[in-house]
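This report goes through one protein chain residue by residue, then turns to its core and one of its pockets. Keep the sequence and the structure in view while reading.

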Amino acid sequence: MENLHLILFITATFLLAGFVKGVIGLGLPTIAVGILGVVMAPAQAAALLVVPNLITNGWQIATGPGLNTILLRLWPMLAGICIGTWAGAGLLQQQKDGSATLWLGIALVLYALVGLKAAKLRVPAHAERWLGPIIGIATGVATAATGVFVLPAVPYLQALGLDKDELIQALGISFIVSTLALSFGLLGAGTLNMGVAWHSLLALAPAIAGMALGTAIRLRISASTFKMCFFAGLLALGCYLVARTLG
């Protein structure tokens, strides 16, 4: 019965995370790792996310307007993500004192505050070549430590002045590169194996179902209203994880 409850909890988590991703183009790893962190180690949660992340972001990339153009623009940041993730390999496994969960909570709080503030940041085109690798490396290290790919890559991408479809595709590219880089680190640490990969494959179905529902609803509701609710929920979740760790 306890295993059944865990399976239902994981299924509901991926349904919710996939739904949010379908509506606003991101949030699958952020929500899934944050919620699953209540019942398992962040490294285990990150391993479960590998297959759903790869497939949902592949879907997101395939529906975008111009893959080659985006790749040419973002490759310095993407290279930095790989370098930072591999440099920080093992951080999830090494932190046995709950500090990984603490940093995850802090990352969620910071990300939520950025989203709620809706700051209109702008990156000049001439700064992308040197700023992109810095953002990428910082994102990679944060990914290696928390299993979440959002900071500071997402605010950076939002500051590039991309239109809606380009931004969604750019997010998908960033997340799939982060997933692949983190997967190599998890393989090397022994956290990701065939058994975990099978469980990750099973998590794909609810993630896809949630994403399909979210994509359909995105056409019918105000994205700005949903974003406000989403970021408020992330803020509450992040505060909970921080309080739980410190308490």
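## Leu91 and Thr85

Leu91 has a relative accessible area of 25%, so it counts as partly exposed. The model shown here is predicted. Leu91 belongs to helix H6, which covers residues 91–94. Apart from neighbours within four places in sequence, Leu91 is in contact with Val141, Ala144 and Ala145. Ile55 is 36 residues from Leu91 in sequence, and the two C-alpha atoms are 25 Å apart in space.

Thr85 lies in helix H5, residues 67–87. Is Thr85 buried or exposed? Its relative accessible area is 2%, and residues under 20% count as buried, so Thr85 is buried. Not counting residues up to four places away in sequence, Thr85 touches Gly140, Val141, Thr143, Ala144, Ala181 and Leu182. Val141 and Ala144 appear in this list, and they also appear among the contacts of Leu91.

## Asn53 and Gly37

Asn53 sits in helix H4, which runs over residues 50–62. With a relative accessible area of 1%, Asn53 is buried. Which residues does Asn53 contact, leaving aside its neighbours within four places in sequence? They are Leu28, Pro29, Phe149 and Thr179.

Gly37 is in a loop, between helix H2 (28–36) and H3. Gly37 has 10% relative accessibility and therefore counts as buried. Once residues up to four places away in sequence are set aside, Gly37 touches Ala32 and Arg244. Ala47 is 10 residues from Gly37 in sequence, with 12 Å between their C-alpha atoms.

## Around Pro152 and Pro155

The peptide bond that leads from Leu151 to Pro152 is cis, and its omega is near -10°. Pro152 is located in the loop between helix H8 (128–146) and helix H9 (153–158).

Pro155 lies in helix H9. At 14% relative accessibility, Pro155 is counted as buried. Pro155 touches Val114 and Val150, when residues up to four places away in sequence are not counted. The C-alpha atom of Pro155 is separated by 7.9 Å from that of Leu121, and these two residues are 34 residues apart along the chain.

Val114, one of the residues that Pro155 touches, is in helix H7 (residues 99–117). The two residues are 41 residues apart in sequence, while their C-alpha atoms are 7.7 Å apart in space. Val114 is partly exposed, with a relative accessible area of 32%.

## The largest nonpolar core

How many residues are in the largest nonpolar core? There are 66, and those that touch the most other members are Phe14, Met77, Tyr111, Tyr156, Leu157, Phe230 and Leu234. Helix H10 (residues 164–189) gives the largest share of this core, 10 residues.

Leu157 can be looked at more closely. Not counting residues up to four places away in sequence, Leu157 touches Leu74, Met77, Leu162, Leu167, Ala170, Leu171 and Ser174. Met77 is in this list, and Met77 is also among the core residues that touch the most other members.

## The second largest pocket

The second largest pocket holds about 410 Å³ of space. Three elements each give two or more residues to its lining: helix H1 (2–24), helix H3 (42–48) and helix H11 (194–202). H1 supplies the largest share, five residues.

The lining has 14 residues, and those nearest the centre of the pocket are Leu6, Ile10, Met40, Leu48 and His199. By type, the lining has nine nonpolar residues, five polar residues and no charged ones.

## Regions listed in UniProt

An unreviewed UniProt entry lists residues 32–55, 67–88, 100–119, 131–155, 167–189, 201–219 and 225–243 under "transmembrane region". Two of these spans can be compared with the model. Residues 67–88 are 95% helix and 0% strand, and the C-alpha atoms at the ends of this span lie 28 Å apart. Residues 225–243 are 100% helix and 0% strand, with end C-alpha atoms 27 Å apart.

Definitions and conventions:
Residues numbered from 1 in each chain as written. Predicted model: local features only at pLDDT ≥ 70, side-chain atom pairs only at ≥ 80, totals over all residues. Heavy atoms only, no water. 1 Å grid on protein atoms, 1.4 Å probe; cavity = no way out; pocket = protein on both sides within 12 Å on 5 of 7 lines; lining within 4 Å. Points joined across faces, edges and corners; volume = space filled by probe spheres on them. Helix = DSSP H or I, 4+ residues; strand = E, 2+ residues; numbered from the N terminus. Nonpolar A, V, L, I, M, F, W, Y, C, P; charged D, E, K, R; others polar. Core = buried A, V, L, I, M, F, W, Y, C linked by side-chain atoms within 4.5 Å. Buried < 20%, exposed > 50% of the residue type's maximum accessible area, 1.4 Å probe, protein only. Contact = heavy atoms within 4.5 Å. UniProt positions renumbered as here; feature names shortened; annotations may be inferred.
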